[in-house]
Amino acid sequence: MALDTLDIDPGVPPAATLIVLHGLGADGHDFVPICDELDLSSIGPVRFVFPHAPVRPVTINGGHAMRAWYDILAMGGRGPEDEAGLRQSIADVEALLAREQARGVPASRTVLMGFSQGCAMSLLTGLRHGHRLAGVVGLSGYLPLPTTLAAERSPANADVPVFIAHGRHDDVVNIARGQQARETLTGLGYQVEWHDYAMPHSVCAEEVADLNAWLLKVLAPAA
C-alpha cells in the first residue's frame, strides 16, 4: 500500500465500501463531514476509506508541494496533462481496490468516488478497473486522458453506473469540463446520471441527497 488512508470502519464486516478521493491540496479528512451526512443504513454496515494523496510539486501553484494526485501544468485543461502522474495514481488507487477485496469486500460492493482532482482519478481508474464495481462517482471534476479511454476501458465495467455532478457557478473546474466528461461517457455507452446545481466548486445539500439516493440504488442488496 503506497497511500496512507483514514478508514472509518463499522466494527463489523461491512456490506459495502466507499473509497473517497479528495481534491487538490486537501487530504483524506476533507470529505468525512460530507459522508457523515449520508444515510446508507438500509444496505447494512459501510466502510469508508479516505486516502491521502502524495505530496508533490504542483506547477500551477508555483511548484509548491501539496497533496495532489498528479501535477497540473496549466489552468482550465489547457496544455498537456501529467500522464505519468495520472498513471502512477491509477496504480495507487488500484492498490486500494485490491486491499478492499483482500479485506472481504468485493469490487461489486465497492463504490469509487472523488471530488475535483479526486473525480478525475475516480473516473480514470474506475472505468479501467478489471473487476465490476458497484458504481463510480465524479463530483466537480473532469475526465483526464479522454482519448485513451475507448482503448483502455475495462469490459468488466462497461455497464457500471456513473454519477456525475457539477456546480453551475464553478470557477475552478468549469462545468463545461464536467459536461464533456458526461458526453464522452454516454457516447461510449455508460449509464451516466448527471446533476448540476446552483453552487460553486463545492458540495451542496441537494447534491448529497441525490448522491445518497443513487448509492442506495447501486448498493441495494440483491433480491
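Leu112 in β6 is the bridge partner of Ile19; strands here are DSSP E runs of at least two residues, helices are H or I runs of at least four, and both are numbered from the N terminus. This is a predicted model, in which local features need pLDDT of at least 70 and side-chain atom pairs count only at pLDDT 80 or more, while totals for chains, interfaces and linings use all residues. Residues are numbered from 1 along each chain as its sequence is written, and side-chain values use heavy atoms, with hydrogens and water left out.

The Ile19 pair belongs to a parallel pairing of β2 with β6, joined by five bridges; strands count as paired if DSSP finds at least two bridges between them. Five bridges also join β6 to β7, again in parallel, and here Val111 has Gly135 of β7 as its bridge partner. From β6 the chain passes through α3 to reach β7, a right-handed β-α-β crossover: with the strands pointing away from the viewer, the path from the first strand over the helix to the second runs clockwise.

Because six of the six residues of β6 are buried, this strand is largely enclosed by the rest of the structure. Buried means under 20% relative accessible area, with exposed over 50% and partly exposed in between (1.4 Å probe, protein chains only). Thr110, Leu112 and Gly114 point to one side of β6, and Val111, Met113 and Phe115 to the other.

The crossover helix α3, residues 117-126, is mostly covered too, with ten of its ten residues buried. Its buried residues pack against β2, α2, β6, β7, β8 and α5, where contact means heavy atoms within 4.5 Å.
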